[in-house]
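Grab a pencil and work through these exercises with the structure open beside you. Try each task on your own before you read the solution.

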Amino acid sequence: MRVEEGFQQVPFNEGNPYTEDPALPFLLRRLIPPRLFDEEIEPELKRFGVEVITNIRAQSSGSRISPPKLVQYDNWGQRVDELHTSEGWRSLKAIAQREGVPGIFYERKYREHSRTFGFAKALMMVGDSHEVFCPLSMTDGAARVIELMGTEGMKREILPKLISREPSSAFVAGQWMTERPGGSDVSQTETKAQSLGDSDQLGIKYSLNGFKWFSSATDGDIALALARTGPDSDSSKGLSLFLVPLRTPLLGIEPGSSISNGIRVHRLKNKIGTHALPTAELSLEQTFAYLVGSPNQGVKNILPVLNITRVWSAIASIGGLRKCLAIATAYADVRRIDGGRKLLRDVPLHVAQLASINLVYRALTHFGFGVVVLLGRVECGVASAAEQNRLRMFTPLIKAFAAEKAVAAMEEAMAGLGGQGYMEETDIGRLIRDSLVERIWEGTTTVLSLDLLRSTTDPARLKEFVSWCNSIILSCPPGLLKGVQEAIQSLQGRLDSLLAAFLHPVSSLIARSSLMFIGYIASAIYLLEHAVWSHNRGEEGYEIDAEVFRRWVNESGFVAAEHELDRTRAEAKFADTSNSAIVFGRRGRAKL
Ligand SMILES: Cc1cc2nc3c(=O)[nH]c(=O)nc-3n(C[C@H](O)[C@H](O)[C@H](O)COP(=O)(O)OP(=O)(O)OC[C@H]3O[C@@H](n4cnc5c(N)ncnc54)[C@H](O)[C@@H]3O)c2cc1C
């Protein structure tokens, strides 16, 4: 039989990522003032949705995207370090910049809603973006650092380029923290900075020497780097933050020219995913750089980058899941089983599988945009002290929680397509590979769980979180309460468990289990907040919002997270030694 003969599968149609999204349009309608939403935001997102499935998808197709290539030497043996990225990668980056990422965030045309609008666009595009939002997220973070603490020259010359919508002159920024001794802990940073006793319009000049182990925006224009200005014994307190030009001169020549300024690309990383992204190892030899902020305050000064890239990472996890869910849902519309008599969409067991993925997507989207709203409010100076505290607590939480939950749901979506799901052409495999990095970069889940633990060591902060949860629970009107009473009681019981778990002393062994537990609680509260809103407004489908909340609270993952927290708490006293025995055998760790 020839391939054109016999059974021919009807292709699936993913549809507009805005109008077909099960959560985003309704959520944004709640978060954004009605006139702004109806007249500007929604029409723009509908247009952008068409752009994603036409032009953007065409740029992200396999033939236009390929891994970057590094040419280290020319034909005369001279070191040149030319980095060649693929045409599709460059086009996707240019489209994102033209669409206002990260420009929207700094133009602040929509004031505190600018973050919500810009991240909605990112959520829709990220699954087709081949990780261009990785360098753009660091560009966003660098823009914020310069806005907060850059020199006047940086604000005048660099900031407008970082947020520009004109790709031919826009700058991209990287972030160089990780070195060979450690990314989670930068206290052993080897890169040394020496003052050149000189300055120019951008600031005070230093010379940097060292080795940066991971640089993902290697095709960028500048990087924010940590380097040592104090003695080694000062550990992370002796680190300062620098703006490093990737080429000299930085201003006045076309962006994207070859790397210079004493920077050598030692090697491109051989990664399991994010293949189009040029992640490299770099050596710095007499690389000149400008001090940003006060000396020896580098770890504190780079925090705005981390806080922004962590929110970006969460949106990337959720956006990857969005695309996988859209594919699996669309496939159910065209794939027949049972002797060709039934579409998958009419098979209850299959639809139950899709519903469980959909539930994770909704919970993460509501939580993710809850954090985005807080970020927008803090940046625009309209956040209360309690909102600022919540953003501090939620930033590591949403990054790690989304990364942990999204990939498992993406794997379910893959299985929903049977054998086709495993084929590269559907893109689900690439999305899973790419999303796995979200569990590692900008802080592993373990490291972020310790950060979350630190942010909650102040009992007042945890109580403030619980009282925010209770205020939303109390806003539940009687008509809605009838259907979700049991779920609300469970949730209240879990809030009590949380307070009990954080009675001092708190063992670090509960860090990961409490991260997952608090992640479930926060996402449930955001789902409830939405259900209350849609119930009060009599929104179409408000019963579904209540049902989503109810199921999320009863979902096996939430119940298991509570048990896991109980278990790790109870075992904390002796688990350390028994874990060691399990991992390293009866004799314990080998002493080196
Ligand atoms: C694709 C990719 C791109 C990247 N791009 C960049 C970039 O552009 N710029 C940049 O600066 N970095 C970048 N990174 C580096 C990334 O941020 C680090 O890999 C990450 O922070 C972890 O650091 P590490 O690799 O040194 O691991 P380590 O810090 O050595 O961690 C190893 C293990 O130890 C655990 N661990 C560490 N500390 C603790 C602790 N206190 N308690 C318990 N467990 C602990 C971790 O959870 C992990 O499981 C990138 C990484 C990847 C994979």
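**Exercise 1. Work out how much space lies in the second largest pocket of this predicted model, and what lines that pocket.**

Step 1: Start with the volume. The second largest pocket holds about 630 Å³ of space.

Step 2: Now look at the walls. There are 27 lining residues, and those nearest the centre of the pocket are Pro22, Leu325, Thr329, Leu354 and Asn358.

Step 3: Ask which elements they come from. α10, α11 and α18 are the ones that give two or more residues to this lining. The top contributor is α11, with seven residues.

Step 4: Sort the lining by character. You should get 13 nonpolar, five polar and nine charged residues.

**Exercise 2. Find how many cavities of 30 Å³ or more there are, and describe the largest cavity.**

Step 1: Remember what you're hunting for. Rolling a probe the size of a water molecule over the atoms shows where empty space is left.

Step 2: Count them up. Four cavities reach 30 Å³ or more.

Step 3: Take the largest cavity, with its volume of about 90 Å³. It has 13 lining residues, and Glu131, Ala316, Leu431, Asp434 and Ser435 sit nearest its centre.

Step 4: Trace the lining back to the helices. Both α10 (303-332) and α13 (428-436) supply at least two residues, and α13 gives the most, with four.

Step 5: Check the mix. The lining of the largest cavity splits into three nonpolar, six polar and four charged residues.

**Exercise 3. Now do the second largest cavity: which residues line it?**

Step 1: Note the volume, about 40 Å³.

Step 2: List the lining: Arg362, His366, Leu527, His530, Asp545 and Val548.

Step 3: Match these to elements. α11, α17 and α18 (542-554) each bring at least two residues to the lining of this second largest cavity.

Step 4: Sort them. The lining of the second largest cavity comes out as two nonpolar, two polar and two charged residues.

**Exercise 4. Which parts does the salt bridge between Glu529 and Arg30 tie together?**

Step 1: Check the pair. The side chains of Glu529 and Arg30 form a salt bridge, at 3.4 Å from N to O.

Step 2: Place both partners. Glu529 belongs to helix α17 (residues 511-536) and Arg30 to helix α1 (residues 24-31), so this pair ties together parts that are 499 residues apart in sequence.

Step 3: Are the partners buried or exposed? Buried means under 20% relative accessible area. Arg30 has 17%, so Arg30 is buried, while Glu529, at 27%, is partly exposed.

**Exercise 5. Where do the salt bridges Glu39 to Arg35 and Arg377 to Glu387 sit?**

Step 1: Begin with Glu39 and Arg35, whose closest N and O atoms are 3.4 Å apart. They are four residues apart in helix α2 (residues 34-59), so about one helical turn separates them.

Step 2: Check exposure, where exposed means over 50%. Glu39 has 53% relative accessibility and counts as exposed; Arg35, with 63%, is exposed too.

Step 3: Move on to Arg377 and Glu387, whose side chains meet in a salt bridge of 3.1 Å, N to O. Arg377 lies in helix α11 (residues 348-379) and Glu387 in helix α12 (residues 385-415), so this bridge ties together parts 10 residues apart in sequence.

Step 4: Check exposure again. Arg377 is partly exposed at 23%, whereas Glu387 is buried at 14%.

Step 5: Zoom out. The structure holds 53 salt bridges, and a network of them links Arg108, Arg115, Asp140, Arg144, Glu147 and Glu379.

**Exercise 6. In the largest nonpolar core, which residues touch the most other members?**

Step 1: Scan the 158 residues of this core. The ones touching the most other members are Phe119, Ile158, Leu162, Phe369, Phe394, Phe465 and Phe549.

Step 2: Find the main contributor to this core: α10, with 16 residues.

Step 3: Look around Leu162. Leaving out residues up to four places away in sequence, Leu162 touches Pro102, Thr139, Ala142, Ala143, Ile146, Phe171, Val172, Ala173 and Ile222.

Step 4: Don't stop there. Apart from the largest core lies another one, of 20 residues, including Leu83, Tyr206, Ala227 and Leu291.

Key: Residues are numbered from 1 along each chain as its sequence is written. This is a predicted model: local features need pLDDT of at least 70, side-chain atom pairs count only at pLDDT 80 or more; totals for chains, interfaces and linings use all residues. Side-chain values use heavy atoms; hydrogens and water are left out. A salt bridge is a side-chain nitrogen of Lys or Arg within 4 Å of a carboxyl oxygen of Asp or Glu. Buried means under 20% relative accessible area, exposed over 50%, partly exposed in between (1.4 Å probe, protein chains only). On a 1 Å grid over the protein atoms alone, a cavity is a set of points where a 1.4 Å probe fits but cannot get out, and a pocket is an open set with protein on both sides within 12 Å along at least five of seven lines; lining residues have an atom within 4 Å of a point. Grid points are joined across faces, edges and corners, and a volume is the space filled by probe spheres set on the points. Ala, Val, Leu, Ile, Met, Phe, Trp, Tyr, Cys and Pro count as nonpolar, Asp, Glu, Lys and Arg as charged, and the others, Gly among them, as polar. A nonpolar core is a set of buried Ala, Val, Leu, Ile, Met, Phe, Trp, Tyr and Cys residues joined through side-chain atoms within 4.5 Å. Contact means heavy atoms within 4.5 Å.
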